[in-house]
Amino acid sequence: MTVSTANLENDVGETIPPLTAHAVSVSLPTWDANVGYEEGRPDVVSRMKTGYPRFFIHKSIARFAEAITATHGLPHESSMLFPSHACAARCVDFFRQQAPELTPNQVRIVDLVPNPDHRHPENRVQPRVSAVLFPKDRFKIAKTFWQHSGDGVSSRRAEYCHNAFEEGILVEQSKVGQRMSKGPKRYQKKASIDATNGHHPPPMSPREPDGVDPVRFVEERFGRNLDVGFADNAKLAIRRRIAGSLTANVGLAEALKLEKDHERSRPVAGFSEDDVYLYPSGMSAIFNTHRSMMAARGQLQSVSYGFPYIDTLKILEKFGPGAVFYGFGSSEELDDLEKRLEGGEKILALFCEFPGNPLLKSPDLERIRALADRYDFGVVVDETIGNFLNVHVLPFADVVVSSLTKVFSGDSNVMGGSAVLNPEGRYYKSLKETWSREYEDNFWPEDIIFLERNSRDFVTRIERINVNAEAICDVLMQHPKVKQVNYPKHSPTRPFYDRCKRENGGYGGLLSATFFSTEEAIAFFDNLDTAKGPSLGTNFTLSSPYVLLAHFTELDWAASYGVEANLVRFSVGLEDTAELVATFERALAAMG
């Protein structure tokens, strides 16, 4: 039995949340709509108002890229936009690797900077964009780099800079005779809080009125003159939240005056918000952590342990000497790794998720840390799914990365990421020195303001989401037509999770389920009355046939690691628990 999809089909391609200009999810409300999106069917793709930002180029970014190409390019060219020359240069390097036959004139960078003929107050954001121009028929190469690195411009940056470009405020660097920064921060003026490692917060900007809608606040308070000081204070508040030392749900001005919360701060000696680095997306944090590890330790292959989020593995395989993939995340695979290390193999770092997505298995971080100490390699843990209020993984890692786009934000309207260094890690000194040289603060001020606003109630949201997810897990586990439920609490790897679980922590808001037939999975999914689209960690429950979306062209490969094509993933939100349970029960009943 399936539900009538007439109304659902009207929602195909709508932003999630609806009418949200910078939404990070998109409605694909039926199984067929997901298949149609992956197949590129016009009846689905033509209706897409947006998409997940690293897979779908936001229309504001596309419009700006077209305008730049029309002005600075040739008819047969396209362009991809980045926030800095250094990011663009890495894209060009990727082009050189993938298409060495292209000449320097065929793949080049156009740097757009503020027009010196216009007055730019020192406390205002100076719009900058670097465009990589390339032959249209090589678009796939640019899109691959853009997707994997996570370093493309945000849609808010594109809108702001496009307006500046149209008004003549943003012009080509070579036309104004200014010396262009060719690399990371060591060549640039240190103007942001991150550039000084945050030891001295900037003077407070005028206080944001509490209770004001953030969209209206950005439009009315900033207009087209973004205040750098206010954005820097927002970054400091976010870094303190990630450090665990700021947990109160208060306005920005009050937040930075509070004493640090030692109860929830990460209990590692010497740790502070100075060890937290912000990135414009979670994948950017992973990509740049991998880069920094290679810069600090040399060109060595990495290990990807456990079935990973798709782009993490691609980064390790394509950028550097490659990767050893242990897709089951099993103890037998760690045995194999240990034998290889005993035999003299050297590795850069082991990358893993805690827990993994979408099977929610938890790696044995205790054993991994012991192997790393014995055989001299780094450990990078992605805590996006677990999140630091539920689990404490920093003692086992050299670097902890996370996507702030997910539950840290919750509102599904802004991207962000972070990398956290462990002061007690064996590579801390070399990594800290590397980050001081290589780190660029590319977080767009409007984005940081939204992220700071969204994250103020992070603590209370996590507590409620934990409760709701356990309730949904129980409902699914009790139904005879559900083949398997994946959730850290009921996973065979629960002991590994519990070793890192905080005293008041839970098991997170993500779970998944498989069914005995694709027909039953479709009936359940099409009758499930939740938002349906990519992403996770939203304040509302968001469901997706995840494997179809993430691995449509490699379903057999995914299945070989136990990741079945009919898997449905659920990111549980803040709804009333009883109502949410009833929603799932109705969908389960629809299977007949």
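Contact here means heavy atoms within 4.5 Å. The model shown in these views is predicted.

**View 1. The whole protein holds 23 helices and 18 strands.**
Of its 592 residues, 63% count as buried. Contacts with a separation of 6 or more are counted here: residues 24 or more positions apart account for 75% of them. The accessible surface comes to about 23,100 Å². Carbon and sulfur atoms make up 50% of that surface.

**View 2. Helix H15 packs its buried residues against two helices and three strands: H14, H19, S8, S10 and S11.**
H15 spans residues 365–375. Its buried residues are Leu365, Ile368, Arg369, Leu371, Ala372 and Tyr375. They cover an arc of only 160 degrees around the axis, so they lie on the same side of H15. The helices they pack against are H14 (331–342) and H19 (494–500). The strands are S8 (302–305), S10 (349–353) and S11 (378–382). Just after H15 comes aspartate 376, with a positive phi of about 60 degrees.

**View 3. Five strands form an open sheet with mixed pairing.**
The order is S14-S15-S18-S17-S16. Strand S14 (482–486) and strand S16 (531–532) are the edges, each pairing on one side only. Helix H18, residues 458–477, packs on this sheet. H18 touches S14, S15 and S18. The direction of H18 makes about 10 degrees with that of S15.

**View 4. Strand S16 pairs with S17 in the parallel sense.**
Two bridges link S16 and S17. Alanine 531 stands opposite leucine 542 in S17. Strands of a sheet pair through backbone hydrogen bonds, either parallel or antiparallel.

**View 5. Strand S18 pairs in the antiparallel sense with S15 and with S17.**
Strand S15 covers residues 510–515 and shares four bridges with S18. Here leucine 511 has phenylalanine 570 of S18 as its bridge partner. Strand S17 covers residues 542–544 and is joined to S18 by three bridges. In this pairing, serine 544 stands opposite arginine 569 in S18.

**View 6. Strand S18 is covered on both faces.**
S18 runs over residues 568–571. In a regular strand the side chains alternate between the two faces of the sheet. On one side of S18 are Val568 and Phe570. On the other are Arg569 and Ser571. All four are buried. Two of these residues also appear in the pairing view: Phe570 as the partner of leucine 511, and Arg569 opposite serine 544.

Note on methods. Residues are numbered from 1 along each chain as its sequence is written. This is a predicted model: local features need pLDDT of at least 70, side-chain atom pairs count only at pLDDT 80 or more; totals for chains, interfaces and linings use all residues. Side-chain values use heavy atoms; hydrogens and water are left out. Buried means under 20% relative accessible area, exposed over 50%, partly exposed in between (1.4 Å probe, protein chains only). The arc is that of the directions from the helix axis to the C-beta atoms. Two strands pair if DSSP finds at least two bridges between them. Accessible areas come from the Shrake-Rupley method with a 1.4 Å probe; for residues, only the protein chains shown count as cover. Axes are lines fitted to C-alpha atoms, for helices over the stretch in contact, and angles run from 0 to 180 degrees between N-to-C directions.
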